[in-house]
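I opened my notebook to go through one structure piece by piece. My entries follow in the order I looked things up.

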Amino acid sequence: QVQLVESGGGLVQAGDSLRLSCAASGRTTSSYVMGWFRQAPGKEREFVAAFWRSGYTLYADSVKGRFTISEDNAANTVYLQMNSLKPDDTAVYYCGAARMVTMGYRDYDYWGQGTQVTVSS
């Protein structure tokens, strides 16, 4: 079992950058596929990025080239570096852990509480 805590969200302007953190406890992040998802009001939770096996990554088309997911094994933390932010990126961002490579949020077993990202135009 793993516990996840996100941080780093905030209010920024379009074009700015933010780095989200997902700190894990209980088990190491390398034991799972670690994913970032986001959910805007009235919308379903959508896949953003995933990281596994110390280097493999997967991104949603909407963030490819702007967002980067990475892992710090020593800190047991997964990061989401978000550059060139757009108003459409506004959402609550969640970190999740899964036992397989998947973009489906229902396949993730563990979730953090989420962190709000708001991008103004």
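**Entry: a loop side chain**

With which side chain does the side chain of Thr102 make a polar contact? I looked it up in the model, which is a predicted one. The partner is the side chain of Asp107, at 2.8 Å. Next I checked where Thr102 sits. I found Thr102 in the loop between β9 and β10. Is Thr102 buried or exposed? Its relative accessibility is 11%, so I noted Thr102 as buried. I then listed its contacts, leaving aside neighbours within four places in sequence. Thr102 touches Phe47, Asp107 and Tyr108.

**Entry: another residue of that loop**

I moved on to Met100. Met100 also has its place in the loop between β9 and β10. Its relative accessibility is 44%, so I wrote down partly exposed. Beyond its neighbours within four places in sequence, Met100 is in contact with Val33 and Asp107. Asp107 had already come up as a contact of Thr102. I also looked up a C-alpha distance. Met100 and Tyr32 are 68 residues apart along the chain, yet their C-alpha atoms are separated by 7.5 Å.

**Entry: strand β9 and its partners**

The loop led me back to β9. Why do I call β9 largely enclosed by the rest of the structure? The reason is that 7 of its 8 residues are buried. I went through its pairings one by one.

- β9 pairs with β4 in the antiparallel sense, over 7 bridges. As an example, Gln39 has Val92 in β9 as its bridge partner.
- β9 and β11 run antiparallel and are joined by 3 bridges. Here Ala91 has Val117 in β11 as its bridge partner.
- β9 pairs with β10, residues 110-111, over 2 bridges, again in the antiparallel sense. Ala97 is matched with Tyr110 of β10.

**Entry: strand β11**

I turned to β11 next. Which residues make up its covered face? They are Thr115, Val117 and Val119. The uncovered face holds Gln116, Thr118 and Ser120. I then asked which way β2, residues 10-13, runs relative to β11. The two run parallel and share 4 bridges. Gly10 stands opposite Val117 of β11. I had met Val117 before, as the bridge partner of Ala91.

**Entry: the open sheet**

I looked up an open sheet of 4 strands. Their order is β1-β3-β8-β7, and the pairing is antiparallel. Which strands stand at the edges? They are β1 (3-7) and β7. Each has a single partner strand, so one side of each is left without a neighbour in the sheet. I also noted the twist, which averages 15° from one strand to the next. Inside this order, β3 and β8 pair over 6 bridges in the antiparallel sense. One bridge matches Ala23 with Thr77 in β8.

**Entry: the disulfide**

How many disulfides does a search of the whole structure find? It finds 1. This disulfide joins Cys22 to Cys95, with 2.0 Å from S to S. Cys22 lies in β3 and Cys95 in β9, so the pair ties together parts that are 73 residues apart in sequence. The angle about the S-S bond is -75°, and I noted the link as left-handed. Both Cys22 and Cys95 are buried.

**Entry: the nonpolar core**

I kept the core for last. The largest nonpolar core has 37 residues. Which of them touch the most other members? They are Leu4, Trp36, Leu80, Met82 and Tyr93. I checked which strands supply at least two residues each. They are β3 (18-25), β4 (33-39), β5 (46-52), β7 (67-72), β8 (77-82), β9 (91-98) and β11 (115-120). The largest share, 6 residues, comes from β5.

I finished with Tyr93 and its contacts, not counting residues up to four places away in sequence. Among them are Trp36, Leu80 and Met82, which stand beside Tyr93 in the list of residues that touch the most other core members. Tyr93 also touches Glu6, Leu20, Phe37, Arg38, Val48 and Phe67. From the end of the list I wrote down Gly114, Thr115 and Val117. Thr115 and Val117 had come up earlier, on the covered face of β11.

Technical notes
Residues are numbered from 1 along each chain as its sequence is written. This is a predicted model: local features need pLDDT of at least 70, side-chain atom pairs count only at pLDDT 80 or more; totals for chains, interfaces and linings use all residues. Side-chain values use heavy atoms; hydrogens and water are left out. A nonpolar core is a set of buried Ala, Val, Leu, Ile, Met, Phe, Trp, Tyr and Cys residues joined through side-chain atoms within 4.5 Å. Buried means under 20% relative accessible area, exposed over 50%, partly exposed in between (1.4 Å probe, protein chains only). Contact means heavy atoms within 4.5 Å. Two strands pair if DSSP finds at least two bridges between them. Axes are lines fitted to C-alpha atoms, for helices over the stretch in contact, and angles run from 0 to 180 degrees between N-to-C directions. A polar contact is a pair of N or O atoms within 3.5 Å; within protein, one must be able to donate a hydrogen and the other to accept it, and residues adjacent in sequence count only if both atoms are side-chain atoms. A disulfide is a pair of cysteine sulfur atoms within 2.5 Å.
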